[in-house]
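Biologist: I have this model open on my screen, and I would love a close look at one part of it. Could you take me through the second largest pocket, and then follow the trail outwards from there?

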Amino acid sequence: MPDTLATAAPANESPAPFVPPYRVTSPVLPPNPEFTVSVRPFTLATALAVVAALSLTACGGSSDAAESATCPGGKVRFGVEPFEDPAKLTPAAEVLADALSESLDCEVELTITEDYSAEVLAMENGKLDLAMFGPLGYVFASGRAKAEAVASFGDGTGKVSSYTAGIWVPKDSAVTSVADLKGHSLALASVGSTSGDALPRQAMLDAGLKKDDVKVNYAGGHPEALLALAKGTVDAAEINTQQLASATAAGTFDPAGFRKVWSSDPIPNDPITVRGDLDAAFKKAVTDALLKLPPDKVGEIGALLDVDPPAPLVAVDKSTYQPLFDLAATLNLTEKDV
């Protein structure tokens with residue numbers, strides 16, 4: 001759909017509300033991401049900036065320096081990991097992308113990646129400027145793509161929100177502990193997931209289980225792991241508190257028919273990161289824009305992370321996720337594990 005310019009409202013009328021147009025663009029991530037959407041605002045401020053730029057050009061000046069701080073290359077490429085059903089995640093992520101686009105006065109190209117490894121690879125290859133990673137995905141992106149954590153989802157008190165990993169079994173199962181999983185099947189989410197892979201694996205090691213003691217099935221995501229348990233195709237499954245809340249609210253999972261036999265310590269929620277080799281002025285502009293977004297602009301995607309009530313994003317850095325760096329070292333995880 002071609003971009004169009006709206007005419008200015010008459011002096012006695014209020015300007016039309018900001019409604020950014022969308023257009024589908026070619027995917028930029030290997031392998032085939034679910035979708036890529038561009039959010040390109042054209043506001044009165046943009047129109048005035050264009051006029052100013054033309055004036056400067058006519059006088060021999062340039063607006064390149066002013067534009068580069070918030071819109072290098074004409075757009076910001078933002079990736080989000082596939083932690084939820086795309087039908088729920090896509091519109092929620094678009095609300096955040098819209099708000100960021102308007103704040104930066106720059107097109108935001110939003111991509112929901114196919115898996116965790118695709119997102120890390122995309123940032124490593126310079127295909128993403130910003131990315132929302134799972135905590136463990138950020139550990140690998142920090143090393144491979146120099147990703148810098150700048151913001152995460154607040155809990156309403158100004159602190160970063162958290163969630164927990166869990167292992168669930170049917171209510172009438174003989175399994176009452178992680179050690180009891182020996183000889184049983186367990187659905188995990190995806191390789192490289194924090195709560196859906198690394199932490200349950202650590203729990204099994206801590207319980208003295210060996211690699212072949214439990215039949216591990218990677219279901220392809222958190223919703224799929226929960227569904228495998230609900231359908232009875234596995235004996236146990238990882239279900240984190242985020243997926244539990246989402247599935248319970250949607251009516252696709254009834255906790256009364258199941259039991260939790262293990263829970264992790266709190267995990268700091270997903271960070272939004274910026275690629276480390278980008279200009280310092282751009283990184284500051286993006287960070288400031290993210291931290292100033294109102295709760296309703298981050299609340300929809302925050303709700304999928306079990307953040308309730310909606311709250312502004314809060315500042316984070318590498319130290320916030322140090323326990324995940326320690327976990328990766330303990331499990332001897334490398335980039336091959338993503």
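Modeller: Happy to; what follows starts at that pocket and then moves on to the salt bridges, the largest cavity and a few backbone details. Please keep in mind that this is a predicted model.

Let us begin with the space itself. The second largest pocket holds about 290 Å³. Its lining is made up of Arg201, Met204, Leu205, Leu209, Lys210, Lys211, Val214, Val216, Tyr218 and Leu331. Two elements, α6 and β10 (215–218), each give two or more residues to this lining. Helix α6 provides the largest share, with three residues. What is the chemical character of the wall? Seven of the lining residues are nonpolar, three are charged, and no polar ones take part.

Two of those wall residues also appear on the outside. Val216 and Tyr218 join Val191 in a nonpolar surface patch, and the three together have about 220 Å² of accessible area. Val191 sits in the loop that runs between β9 (185–188) and α6 (194–206). Its relative accessibility is 39%, so Val191 counts as partly exposed.

Now for one of the charged wall residues, Arg201. Its side chain meets that of Asp197 in a salt bridge, at 3.4 Å from N to O. Both partners belong to helix α6, where they are four residues apart, about one turn of the helix. Are the two partners buried or exposed? Asp197 is buried because its relative accessibility is 2%, while Arg201, at 25%, is partly exposed.

That pair is part of a wider set. In general, side chains of opposite charge can pair when their charged atoms come close. The count for this model comes to eight salt bridges. One of them links Lys75 to Glu109, with 3.2 Å between the closest N and O atoms. Lys75 is in strand β3 (residues 75–80) and Glu109 in strand β4 (residues 107–112), so this pair ties together parts that are 34 residues apart in sequence. Lys75 is partly exposed at 28% relative accessibility, whereas Glu109 is buried at 3%.

Another salt bridge joins Asp288 and Lys284, whose closest N and O atoms are 2.8 Å apart. About one helical turn separates Asp288 from Lys284, because they are four residues apart in helix α9 (residues 280–291). Asp288 is partly exposed, with 29% relative accessibility, and Lys284 is exposed, with 53%. Salt bridges that share partners also connect Arg77, Asp129, Arg275 and Asp277 into one network.

The pocket is not the end of the story on empty space. Rolling a probe the size of a water molecule over the atoms shows where empty space is left. Across the whole structure, a search finds four cavities of 30 Å³ or more. The volume of the largest cavity is about 80 Å³. It is lined by 14 residues, and those closest to its centre are Tyr116, Gly134, Tyr163, His222 and Asp270. The lining of the largest cavity divides into seven polar, five nonpolar and two charged residues.

Phe133 deserves a stop as well. Phe133 lies in the loop between β5 (130–132) and α5 (135–144). With a relative accessible area of 1%, Phe133 is buried. Although 139 residues separate Phe133 from Ile272 in sequence, their C-alpha atoms are 6.6 Å apart in space.

Finally, here are some backbone details to check on your screen. The peptide bond between Asp308 and Pro309 is cis, with omega at about 5 degrees. You will find Pro309 in the loop between α10 (295–304) and β15 (313–315).

Lys146 is not a glycine, yet it has a positive phi of about 55 degrees. Lys146 belongs to the loop between α5 and β6 (147–153), and its relative accessible area of 54% makes it exposed. Asn332 is likewise not a glycine and has a positive phi of about 55 degrees. Asn332 is in the segment after α11 (322–330), and at 62% relative accessibility it counts as exposed.

Technical notes: Residues numbered from 1 in each chain as written. Predicted model: local features only at pLDDT ≥ 70, side-chain atom pairs only at ≥ 80, totals over all residues. Heavy atoms only, no water. Patch = residues over 30% accessible without salt bridge, like charges linked within 9 Å, V, L, I, M, F, W, Y side chains within 5 Å. Areas by Shrake-Rupley, 256 points an atom, 1.4 Å probe, with all protein chains shown as cover. Salt bridge = Lys/Arg side-chain N within 4 Å of Asp/Glu carboxyl O. Buried < 20%, exposed > 50% of the residue type's maximum accessible area, 1.4 Å probe, protein only. 1 Å grid on protein atoms, 1.4 Å probe; cavity = no way out; pocket = protein on both sides within 12 Å on 5 of 7 lines; lining within 4 Å. Points joined across faces, edges and corners; volume = space filled by probe spheres on them. Nonpolar A, V, L, I, M, F, W, Y, C, P; charged D, E, K, R; others polar.
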